[in-house]
Amino acid sequence: MANLRVLSGMQPSGRLTLGNYIGALKNYVKLQHTHDCYFMVVDLHAITVPQEPEALREQSEAVSALYLAAGIDPSKATIFLQSTVSEHAELGWIMTTLSYMGELERMTQFKEKSAGKESVGVGLFTYPSLMAADILLYNADLVPVGDDQRQHLEITRDLAHRFNTRYGDMFKLPEPYYPEVGARIMSLDDASKKMSKSNPNPGSYIAMLDEPDVIRKKISRAVTDSGREVKYDPANKPEISNLMSIYSMCSDLSLAEIEARYEGQGYGPFKKDLAEAVVAVLEPIQARYREIRASGELHDVLRQGRERASELAAATLKQVKEKMGFVVL
Ligand code: TYM
């Protein structure tokens, strides 16, 4: 399986949440042992909404350091910044020219992000074309993501297929790779909304760098369904089911084992143990994160990542250009 390739990425906007960890990052760490992995920080995607230069730099480094702290080993997997491999922007343009207005207009993420806004950046609209380029540059087989990226993966496959039909076989059609539980972690204050770092209420999400006591407080205040039964039933008990998914992913207990453990006990003991399970996962990551930020090793890792990623990306782009009829010198 070592020749099966994996690519994924996260935006450096805001702070990573437990949703990012459970939905994607935990799978990155797992897949590096069996696959040829490329994980990037998608700083070019971040600028589809305005960014403060200093904050963008800081967040890009913070997310890269969190990758390492969560357990991605740079001797096993390649970690890099999207903007340091210029082929992303170049293939992104090519994918934009292959994209149809109609298919981009159907993207729910675009609809959500542009709703009610007076002026909407064009980059927000063509965002999925750049994401397709990210994946196709590496001819990735698998893309570990959370459920909210489903449509983006579909359009990537459509664009790959369109290119192959028009210019001859070039791209594999990548498959999404979701966690078994927790592909969509919901807000702690409203289980009808995705947990998101852009939510203005910090009580709605757990940031990976939240202090242990903050995590405990947020979980104790998390909204729960009426009743007192710890039962996995997303349709009727969305809040408890969401917390159970988090618990399962932070403890490796199955949902059935969690139900059995808290039978007849109500929500109190469950939430207490859940908080400790989350702290037990995040506290060591936070300690490693502080070490990495202090050590100055990050730029070397990212430079080395850029080298490895560039090699593959350049080879793909050259083939693409040849197939499309550019004069390749
Ligand atoms: P982003 O930065 O919004 O999120 C990074 C990853 O975290 C997952 N995720 C979640 N999973 C479960 N529950 C949640 N509440 C939750 N919130 C976020 C996301 O599904 C994602 O996997 N478009 C992408 C970035 C991107 C990319 C790529 C991904 C750009 N190019 C190429 C894969 C391959 C994004 O905005 O993710």
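**Exercise 1. Which residues line the second largest pocket, and which helix gives the largest share?**

Step 1. Start with the lining: K26, N27, K30, Y177, Y178, P179, E180, V181, S248, M249 and D252 surround the second largest pocket. On a 1 Å grid over the protein atoms alone, a pocket is an open set of points with protein on both sides within 12 Å along at least five of seven lines, a cavity is a set where a 1.4 Å probe fits but cannot get out, and lining residues have an atom within 4 Å of a point.

A word on the source: this is a predicted model, where local features need pLDDT of at least 70, side-chain atom pairs count only at pLDDT 80 or more, and totals for chains, interfaces and linings use all residues. Residues are numbered from 1 along each chain as its sequence is written, and side-chain values use heavy atoms, with hydrogens and water left out.

Step 2. Look for helices (DSSP runs of H or I, at least four residues, numbered from the N terminus). Both α1 (18-31) and α10 (238-251) supply at least two lining residues, and α1 gives the largest share, three residues.

Step 3. Sort the lining by class: five residues are nonpolar, two polar and four charged. Here Ala, Val, Leu, Ile, Met, Phe, Trp, Tyr, Cys and Pro count as nonpolar, Asp, Glu, Lys and Arg as charged, and the others, Gly among them, as polar.

Step 4. Add the volume, about 290 Å³, which is the space filled by probe spheres set on grid points joined across faces, edges and corners.

**Exercise 2. How many cavities of 30 Å³ or more are there?**

Step 1. The count is two.

Step 2. The largest cavity has a volume of about 50 Å³, and its lining is M107, Q109, F110, K113, L124, Y127, P128 and H152. Two or more of these residues come from each of α6 (108-114) and α7 (122-136).

Step 3. The second largest cavity holds about 30 Å³. Its lining includes S187, L188 and A191.

**Exercise 3. Where does helix α13 bend?**

Step 1. Find α13 at residues 298-324; from first C-alpha to last, its 27 residues reach 37 Å, close to the expected 39 Å. The expected span is 1.5 Å times one less than the number of residues.

Step 2. Now the bend: α13 turns by about 25° at S310, taken as the angle between axes fitted to the seven residues ending there and the seven starting there.

Step 3. Finish just past the helix: G325 follows α13 and has a positive phi, near 100°.
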